[in-house]
Amino acid sequence: MVCKWYQVCPMKRYYEQGELEKKWIENFCKGDYQSCVRYQMEEKRQPHPDRMLPDGSIDKSLKR
Ligand code: SF4
């Protein structure tokens, strides 16, 4: 199963641009996406920054 947000998620874009490690995609987007903090916040319609990783931490090295 792939997360339903994957096609529009900034994590996909960062990964395809070579800015994000594959482990995030494997472990969350194409794995246990329900444990992704981004996913949980999307479900609750809570705003969150593009640079927030699936574990809820902010990666300031990612471009906005
Ligand atoms: S980062 Fe989270 S919300 Fe985005 S596609 Fe991956 S699992 Fe889904």
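These questions and answers concern a predicted model of a protein with a ligand.

Q: Which elements give two or more residues to the shell around the ligand?
A: The ligand takes up the space of the largest pocket. Residues around the ligand include Cys3, Tyr6, Phe28, Cys29, Arg38 and Tyr39. The elements that give two or more residues to this shell are α2 (22-29) and α3 (37-43).

Q: How do the residues of the shell around the ligand divide into nonpolar, polar and charged?
A: Among the residues around the ligand are Cys9, Met11, Tyr33, Cys36, Arg38 and Pro54. Arg counts as charged, while Cys, Met, Tyr and Pro count as nonpolar. The shell divides into ten nonpolar, no polar and one charged.

Q: Which element gives the most to the largest nonpolar core?
A: The largest nonpolar core has 15 residues, and Trp24 and Ile25 are among those with the most contacts inside it. Two elements, α1 (10-16) and α2, give two or more residues to this core. With four residues, the one that gives the most is α2.

Q: Which residues does Leu20 touch, not counting those up to four places away in sequence?
A: Leu20 is one of the residues with the most contacts inside the largest nonpolar core. A contact here needs heavy atoms within 4.5 Å. Beyond four places in sequence, Leu20 touches Met11, Tyr14, Tyr15, Ile25 and Leu53.

Q: Is Trp24 buried or exposed?
A: Trp24 lies in helix α2. Leaving out residues up to four places away in sequence, Trp24 touches Cys29, Leu53, Pro54 and Asp55. The limit for buried is under 20% relative accessible area. Trp24 has 13% relative accessibility, so it counts as buried.

Q: What distance separates the C-alpha atoms of Trp24 and Ser61?
A: Trp24 is found in α2. Along the chain, Trp24 and Ser61 are 37 residues apart. Their C-alpha atoms are separated by 15 Å.

Q: Why does Lys12 count as buried?
A: Lys12 is located in helix α1. Outside its neighbours within four places in sequence, Lys12 is in contact with Tyr6 and Gln7. Buried means under 20% relative accessible area. Lys12 counts as buried because its relative accessibility is 15%.

Q: What is the relative accessible area of Lys30?
A: Lys30 has its place in the loop between α2 and α3. Lys30 is in contact with Met1, Val2, Tyr6 and Ile25, leaving aside neighbours within four places in sequence. Partly exposed covers the range between 20% and 50%. Lys30 is partly exposed, and its relative accessible area is 48%.

Q: How many Å apart in space are Lys30 and Ser61, C-alpha to C-alpha?
A: Lys30 sits in the loop between α2 and α3. In sequence, Lys30 and Ser61 are 31 residues apart. In space, C-alpha to C-alpha, they are 23 Å apart.

Q: What is the distance in space between Val37 and Asp55, C-alpha to C-alpha?
A: Val37 is in helix α3 and is partly exposed, at 24% relative accessible area. Val37 touches Met52, Pro54, Asp55 and Gly56, not counting residues up to four places away in sequence. Val37 and Asp55 are 18 residues apart in sequence. C-alpha to C-alpha, their distance in space is 5.7 Å.

Q: What value is phi of Arg45 near?
A: Arg45 lies in the segment after α3. Arg45 counts as exposed, at 75% relative accessibility. Its phi is positive, in a residue other than glycine, and is near 55°.

Q: Is Arg51 buried or exposed?
A: Arg51 is in the segment after α3. Residues that Arg51 touches, beyond four places in sequence, include Tyr14, Ser57, Ile58, Asp59 and Lys60. The relative accessibility of Arg51 is 14%, so Arg51 counts as buried.

Q: What distance separates the C-alpha atoms of Arg51 and Lys63?
A: Arg51 touches Leu62, Lys63 and Arg64, among others more than four places away in sequence. Arg51 and Lys63 are twelve residues apart along the chain. Their C-alpha atoms are separated by 7.5 Å.

Notes: Residues numbered from 1 in each chain as written. Predicted model: local features only at pLDDT ≥ 70, side-chain atom pairs only at ≥ 80, totals over all residues. Heavy atoms only, no water. Near = heavy atom within 4 Å. 1 Å grid on protein atoms, 1.4 Å probe; cavity = no way out; pocket = protein on both sides within 12 Å on 5 of 7 lines; lining within 4 Å. Sits in = over half its atoms within 2 Å of the grid points. Core = buried A, V, L, I, M, F, W, Y, C linked by side-chain atoms within 4.5 Å. Buried < 20%, exposed > 50% of the residue type's maximum accessible area, 1.4 Å probe, protein only.
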